[in-house]
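Subject: Structure handover

Hello,

Here is the structure for you to look at. My notes follow below it.

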Amino acid sequence: MRLLLYKLYSAYAYRLKLRPRLLLSYFVLILLPLVLFIILSSNHVSKSLIKQSQYSANISLRQTSLYIDRILSDISDLTEALAFNSSLGNILTNPLNAALTPDSYADYLAANQIVESMFKSRDLYSMEIFIEPDVFYAAPESQGIRGVLFSSRTIPFAQEVQNKLDLFHGTIMWMPARPLTNTLTKKTNTVITGARYMKENDNFSNIGIITVNMLQSDLNNIVGRANSFKNSLSFLMDSSGNVISASDEQLLEKYPVESQAIADEHNGSWSKMTVNGENILLGSYALANADWRLVSVLPYSEVLETSTDARNRMLLIMLLIATLAYFAAYFVARTMTGKISALISRMKEVQSGNFSTITSVKGNDEMSELAKNYNYMLEKINEYAKKQYELGLEVKNADLKALQAQINPHFLYNTLDLVNLIALENGVAEIPDIVKLLSTFYKLSLNKGLDIVSVRHEIAHIETYVKLQNYRFSNTIRLHLDIEPAILDCGMLKLLLQPIVENSILHGIFEKPSKSGMITITGRLQQGVLLLTIADDGVGMTKEQLTQLTDTEAVAPGEGGYGIRNVINRIKLCYGNEFGLHYESEAGEGTVAILQIPPIDIQP
């Protein structure tokens, strides 16, 4: 057989001129294997692309579900902090709040300040706390405004929420979408409402209802991030089959999916089904912080269109290669070899961390297309890395703000009690001085919302704090400062020294029989590190007490532990794990706190 083919080729080919012979050689050696390769691999490529499309869609679905879960977790933490806030609970149950008096108005301002200090989430539209109707600042109806509002529990909506909460056994109860009208602008927004009871600290009785409202439009935009194909649909569905949010209302009507079709075992997997005569791929993820499930619907035609387009593009590229090889085989081969070498060289640079794109891409052959796609891929990787970096900064800043917000408010209350005591027992002579010191203290604390202050600023804050404490405890605390002038204008994270000094006073000096003592603060710059030490001559601490004070992983901090752990966590978040706060102490020998942080340049 082989001999027969050779004789036929010899008899026919030898009669041809060089050009037809080259065409025949090209057809036999290049075109036929190429066509055979396309036929054999097209089906495999289509299946691979469909699988990759499902994988890409699954990643988008999972990332979106994790993002929504994080939002719900933050809201749950916020409401839990308010629900068990002892100061807020005491204010709301204060019988003086029944009528408008100076004391009850002060209670209202304090309660509003507590709630607004925690109302930091950008994902929330409003927070409404339903309380007893006899409290003078309880609004008789929901006003639908952005921000924080105290309303009466007798409002019909509050009664409806209460009835549902009585049957609810979870942490925070999420309700289906509802209209909320702003009484000032008359604009109606559709919101998703979460609710939970507010507890009284002594007997855990219900003293109010906390509700938080998210704009459905904002949630729709977040849900839409799960869409990885044109004409695809994503929506949130609760356990009762109610649609909480959807990326496209029209597509939701086009693809009505029953809740029974979405099983728990569908997490991360996709199933093919027919809805209204159209084949779809259905995938879902259950959220951990609500009885919601994020569902994604992919029209099968869109997935096939992607694979078909890719296959046709491959055919086109292959045809282009064959045509170019026919007219200029040597030139094209040399060009392709050069472009392949350049692309491989750039890929090796990527392994070394160079993600710059190829600046000069010429031509429309397959290697040029590959270089363009390579550039596109690098641009997407850089874009994704930038987004991830920005998201990390947002989470880090959110954690930093959350830790800073944990500063114990008892000092404010004790100082205000002191002002009242002096006013009652000694007249008004010392009140202006104390109030001025208190104003200076909180002015230095807030620092116009800036997180970085100078060492001079932080030392002034400590001096003001000690003066206030001496007013309260009859000048029993002496403060000695030994700060190098060169570091006074260095920048540092604010409110690092005050919790340490407060701990030295309350748990060091005031534990002595004399309840008096000396605090010495020294500041040096050693080998590029800002070294601040706070030493007291108090009662000192045992090794167990030191461990309990600085253990940031402890479940339940001991007395005085929140402030110190707050300082340690803020240092690690802002500066990194190589910096921190170290304690040296022995029982009966006093305590030395050593703070090591890098200096920060402050713009004048």
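Start with helix 12 (residues 455-472). Helix 12 lies across strand 13, strand 15 and strand 16 (529-536), where contact means heavy atoms within 4.5 Å. Its direction is about 170° to strand 13. Axes are lines fitted to C-alpha atoms, for helices over the stretch in contact, and angles run from 0 to 180 degrees between N-to-C directions. Helices (H or I, at least four residues) and strands (E, at least two) are DSSP runs, numbered from the N terminus.

The basics: this is a predicted model, with pLDDT of at least 70 needed for local features and 80 or more for side-chain atom pairs, while totals for chains, interfaces and linings use all residues. Residues are numbered from 1 along each chain as its sequence is written, and side-chain values use heavy atoms, leaving out hydrogens and water.

Now the sheet. It is open and has five strands, ordered 13-15-16-18-17, with mixed pairing. Strand 13 (477-483) and strand 17 (580-585) are the edges, each pairing on one side only. On average, neighbouring strands are turned by 15° against each other, direction ignored. Two strands pair if DSSP finds at least two bridges between them. Strand 13 and strand 15 (residues 517-526) have seven, in the parallel sense. L479 has I519 of strand 15 as its bridge partner.

Next, the cores. A nonpolar core is a set of buried Ala, Val, Leu, Ile, Met, Phe, Trp, Tyr and Cys residues joined through side-chain atoms within 4.5 Å. Buried means under 20% relative accessible area, exposed over 50%, partly exposed in between (1.4 Å probe, protein chains only). The largest core has 52 residues; M127, W174, M214, L236 and W292 touch the most other members. Helix 2 (residues 18-83) gives the largest share of this core, eleven residues. Another core, of 44 residues, lies apart from it and includes L437, C490, L496 and I568. Leaving out residues up to four places away in sequence, the contacts of W174 include L72, I192, M214 and W292.

Helix 4 (residues 102-118) is worth a look too. Its buried residues are S104, D107, A111, N112, I114 and V115. They cover an arc of only 160° around the axis, so they sit on the same side of helix 4. That arc is taken from the directions from the helix axis to the C-beta atoms. P102 and Q113 are exposed, on the face turned away from the buried side.

Last, N90 in helix 3 (residues 86-92). N90 counts as partly exposed because its relative accessibility is 48%. N90 and N201 are 111 residues apart in sequence and 8.4 Å apart in space, C-alpha to C-alpha.

Best wishes
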